[in-house]
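Hi,

Here is the structure I promised to pass on. Have a look at it first, and my notes follow underneath.

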Amino acid sequence: MPEKGIKRVYEICRLSVLTLVCLVFSIASLIYNNNALSKIFPVRLFTDQHIYQDEDYVNKERPDAYLRELIRYKSVYVPYDVKLYEYYNPIRDENERGSGFVRRYYTENNYTRYFKEYSKVCMTDASLPMNEAVGEVMEAHRGDFNDLGIANDMLRYTFLLNKEHSKETKYFWYSWYYYSFAQEESYFPHVYVKMDEVADADELVAIWDEGENLYVTTRSDYENSLKGVFGEIK
Amino acid sequence: MTREFFYMMNQIFCIIFLYMSGYFFLRILEDVTIKWQNKRYNTNLKKHAKHSHSRARWRFVLSFPIGLSLWALIGFFLLVLSIPYTYGTIVLTYGIIYMSLLYMYIDTRKDFIMPRDVKMNLAMQLVIVFTVALVCCSGLLPISISNDSYYYYSVFPQTIVKEGFYQRCYDVFLTDVGQASAVIGTLPWFFGFENTYGIQLFLGFDLAAVYGVTIYENVYKYMPGKADVKFKKRSVALLLSLISVLVFISSTCFYVMTRWSLANIYFMTYFFIIFALTIRLSHGEDVLTRRDRALITIFMAMLSILRMEGGMFAGLLILCACALDIPKKVLLKNYTLPLFATQIPYYIVVFGILRVNPLYSFLRTSNIIVMLVFLLIISVYIAYIRDKFFKDRGLLYAVLLLLGLLAGNVLICFISTERYIGNLRFFRNNLIHSNGWGYFVILFVVLIVCLPWGKNLFKGMLFPLTFDIGYVFFTVALCWARDGTLREGIGDSGNRVLMQIVPFVMYTFTFMLVRKRSESAE
């Protein structure tokens, strides 16, 4: 066979083998993508077109995606309006990194900002308990609520809603930092909602403890089952 | 059910709007640039007619990226210039741009007869676009979201739309989020839907189309054959490009990039488009050259603001493009200038006017200085050194460039051995343990072995090879520079950035195989 002919045959064989390799790769990849890959790369369908997805609720991830959807058309009562930065008598030293940071300025106001931004109407009710008083009581009643998940990231990004003191908003990551470096999950703030109650209600009550665990239930449920408990402790 | 249907239709309408705005922009741009080459056109009627199919192909695949770029750049500059980012100003800006284009288009019609052109029927294009958009927006294709998807590309854009301006309290969102990606994330809030999953999936299909057209045209161009075997050439080129496209879109990297609601797919798409247009430019002047230059200007501006490291990678591409026979004026005006036009105003706004100072961020003053000095050095090199010392010495330049990048990595290794070696280890583990890579690494090794090694193997591959190798060196160095350590896992930032190399590597391999075939057939 002339040399040119041998080369031509070799080329055809080579390209045929390569084509086969490519086809095998493609088929193997398609099988892998639709089966084994989901273990490290979970995917979901979004046929309902929403950001919030049922899987988030099941996996207790991104609770605010659900919470925002929940409160969008509802009125929410919170214990107090946003307290300004100066209320906390901060001590500032320009030379000291982190100076002026007041943790309570965040833990006491993040959720109020959140509900003012994303609910239909946010109103204050001074009779609602706050902070330490909530923590004392609600730990025993936590089992009556559904746990939507850890609130770290939700709180991490509420600084977008805080235009009061831009200088202090740079501490946005305090929740993530503070809680992510914690060793036990019990340190992480959670979002607790009485799912069965809130679905059809128009008015909700939102209270939180000093650790920023949030409790959301209906106005009527609060009046009937929780108000009395807080009243006894007072 | 009704609300979901409206969301889906609104997103489809949004995709069609972006496609059409890009289509008309391209169409007018082509006619205007052809008129500017009037003299050359009149003596090369046949040459123009020969390119008409190519024009139609590129118009079809680039309309959507152009439309998306226009939206992103308009939004970006409105925000940077503190002009309210509202329906009114967006409509007004679009109006000014398209009225100007229309004026130029009408002007081209005066005493100038346009040649017959192959036009893919616009109605047919819209049918295809609508069908693909319907598939993408229906929710039938799975997607993956993470916290960044939600907060960076949904919550933050929603806040931008509500406030209409950049504000200091956006804090780390201004230093860690590619602003073009965030502006793309505002589309749902203007058009009346909730997420950009359909838009992202559509762009993934478009990337596959751009890749296919690039492979086809370059394979066809370099295949031997006379006029009487043109049909055979076209068929073989089509077959080879289809196989290459199949391998690309079936790869796990492509699957992950297109399904994960992050900025990586945007970045990979625009990066590849600029890469493809750069190769077109290097082939010499034709009737589409001026159009390509204008498109590169827009896409370079877009690339630089899609991710925070966009400017650096754009600089890498320019450095690699310096190995080609592209005029210095083009490299400075169309490649480098857009980077300065986006980066400098943005840094002035964020660090000079708003005075943002997050406790932890990717973009810091030191990083900005490094980036601007890097781009300045590139500009000085192109303006004063390249033509003097490296004219017609592309290979020497490419070798020196790669050695320089390697030396940079060695230096970094000396400065910070533990972290650098640690990062390399994580890159290696992610590749070996197939975190998002699937079987690509195996395919890569097999293709390396199957390459027809010989003296002509690398002929004509200077730019793609330099870019592929340079990209790896650059990624490793950049991941070190951003502080923090990498990790093993599909979501690791360095791993995702490295995955973006896949279409470039696929192009290089495909072309090397075809190239050798043409050589041996001769």
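To start you off: is Tyr66(A) buried or exposed? Tyr66(A) counts as buried, at 15% relative accessibility (buried is under 20% relative accessible area, exposed over 50%, and partly exposed in between, with a 1.4 Å probe and protein chains only).

Some housekeeping before the rest. This is a predicted model, where local features need pLDDT of at least 70 and side-chain atom pairs count only at pLDDT 80 or more, while totals for chains, interfaces and linings use all residues. Residues are numbered from 1 along each chain as its sequence is written, chains are lettered from A and ligands numbered from 1 in the order in which they are written, and side-chain values use heavy atoms, with hydrogens and water left out.

Now the rings. Over all chains there are 73 aromatic pairs (rings of Phe, Tyr and Trp, taking the six-membered ring of Trp, with centres within 6.5 Å; planes under 30 degrees apart are stacked, over 60 edge-to-face, the rest tilted). One of them joins Tyr66(A) to Tyr57(A): the pair is tilted, 6.1 Å centre to centre with 45° between the planes. Tyr57(A) is partly exposed, at 28%. In chain B, Phe5(B) and Phe6(B) make an edge-to-face pair, because their planes stand at 65°, with the centres 6.2 Å apart. Phe5(B) is partly exposed at 45%, and Phe6(B) is partly exposed at 48%.

Two arginines sit over rings as well (CZ of Arg, or NZ of Lys, within 6 Å of the ring centre and within 35 degrees of the ring normal). Arg68(A) lies over the face of Tyr118(A), 4.4 Å from the ring centre, and Arg496(B) does so over Trp260(B), at 5.6 Å.

Then the inside. The largest nonpolar core (buried Ala, Val, Leu, Ile, Met, Phe, Trp, Tyr and Cys joined through side-chain atoms within 4.5 Å) has 231 residues, and those touching the most other members include Phe115(A), Leu68(B) and Trp71(B). Helix H4 (residues 52–80) of chain B gives the most to this core, 15 residues (helices are DSSP runs of H or I, at least four residues, numbered from the N terminus). Leaving aside neighbours within four places in sequence, Leu68(B) is in contact with Leu18(B), Leu187(B) and Met302(B), among others (contact means heavy atoms within 4.5 Å). Another core, of 13 residues, lies apart from the largest one and has Leu128(A) and Phe145(A) among its members.

Cheers

Conventions
Helices (H or I, at least four residues) and strands (E, at least two) are DSSP runs, numbered from the N terminus.
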